[in-house]
Amino acid sequence: MAERQEQAAPDAVLTRIGQVVMLHHGGDREEARHRFLDLWAELAEDGDPLHRCTLAHYLADTQDDPSDELAWDLRALSAAEELAQEHEAGDESPAAVRAFYPSLHLNLAADYVKLGHSEAARTHLRRARGAADALGEDGYGDGVRAAISRLELRLGEGPSGGESWGPPRQRPT
C-alpha cells in the first residue's frame, strides 16, 4: 500500500520545475533562469537523471548565448542516456525514456543551426525524426513533429523515405 502511495505522489522536484516553466512562459526569462540554476545546484551533477534531463532541457531555453543553450541541451541528452541505461537495468519504462529523444535531438539540431554547424544540425534532425515514433498522438507529439518538419524545410532536408506527417496533398480535379 505504501509503495502505491509513493508512486501516486507527485514528484516534488518535477513540480518545482513545472512552476519555473510557468514563470518562464509568463515572460520572466531571467528570473526563470536563476531559479532553474538554483534547482540545478540542489540536484548536483549526480542527481536523479530524470530531474537533470528535465531541468537541463528547460534551462537551455532560458539561455541568451547559443553556446550556453547547446551546453544545457547536451547535458539533457546525457541525462536521458543515463535514463536509458537505467531502463536496460529495469528501472524505467521504455516509453518514458524513448519519448525524450525527439525533442532533445530537435533542440540540439536547432542549437547547431544557430551556431552555423549545419552538418551537426542535420545529424540531430535525422535522429529526432528517427525517434519520433515514440511520440504520442496528442498536442505535444503533433507539436514536436511539426517543429521537426519546419526545421527540415529550413535545412532543405526532406523526411527520409518520403515519409510525411502532414495531411495528404489534394490533387486538382
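This is a short dialogue on reading helices and their packing in a predicted model.

Visitor: Let's start with one helix. How many residues does α9 have, and what span does it reach?

Guide: Helix α9 covers residues 139–155, which makes 17 residues. From first C-alpha to last it reaches 24 Å, close to the 24 Å expected at 1.5 Å a residue.

Visitor: Which residues of α9 are buried?

Guide: A general idea helps here. An α-helix has 3.6 residues a turn, so residues three or four places apart point the same way. In α9, the buried residues are G141, V144, R145, A147, I148, L151, E152 and L155. Looking down the axis of α9, you find these buried residues within an arc of 160°, so they line one face of the helix.

Visitor: And which residues are exposed on the other side of α9?

Guide: Those are G139, R150, L153 and R154.

Visitor: What covers the buried residues of α9?

Guide: The cover includes α7 (101–114) and α8 (118–131).

Visitor: What comes just after α9?

Guide: There you meet G156, with a positive phi of about 70°. E157 also sits in the segment after α9. Leaving aside residues up to four places away in sequence, E157 touches R122, L125, R126 and E152. Take R122 as one of these: E157 and R122 are 35 residues apart in sequence, with 7.7 Å between their C-alpha atoms.

Visitor: Now for pairs of helices. What describes two packed helices?

Guide: Two packed helices are described by the angle between their axes and the distance between the axes. Try α2 (residues 12–25) and α3 (residues 29–43): their axes come within 8 Å and cross at roughly 165°. Angles over 145 degrees count as roughly antiparallel, and α2 and α3 are therefore roughly antiparallel to each other. Their crossing is left-handed.

Visitor: Which residues of α2 and α3 meet?

Guide: From α2 come V13, R16, I17, V20, V21, L23 and H24. They meet R29, E31, A32, R35, F36, L39, E42 and L43 of α3.

Visitor: How do I read α5 and α7 by distance and angle?

Guide: The axes of α5 (residues 66–88) and α7 come within 9 Å and cross at roughly 155°. These two helices are therefore roughly antiparallel to each other, and their crossing is left-handed. On the α5 side, the contact is made by P66, E69, L70, D73, L74, A76, L77, A80, E81 and A84. On the α7 side, the residues are Y101, L104, H105, N107, L108, D111, Y112 and K114.

Terms used
Residues are numbered from 1 along each chain as its sequence is written. This is a predicted model: local features need pLDDT of at least 70, side-chain atom pairs count only at pLDDT 80 or more; totals for chains, interfaces and linings use all residues. Side-chain values use heavy atoms; hydrogens and water are left out. Helices (H or I, at least four residues) and strands (E, at least two) are DSSP runs, numbered from the N terminus. The expected span of a helix is 1.5 Å times one less than its number of residues. Buried means under 20% relative accessible area, exposed over 50%, partly exposed in between (1.4 Å probe, protein chains only). The arc is that of the directions from the helix axis to the C-beta atoms. Contact means heavy atoms within 4.5 Å. Axes are lines fitted to C-alpha atoms, for helices over the stretch in contact, and angles run from 0 to 180 degrees between N-to-C directions. Angles under 35 degrees count as roughly parallel, over 145 as roughly antiparallel, 65 to 115 as roughly perpendicular and the rest as oblique. A crossing is left-handed if the near helix is turned anticlockwise from the far one by less than a right angle, and right-handed if clockwise.
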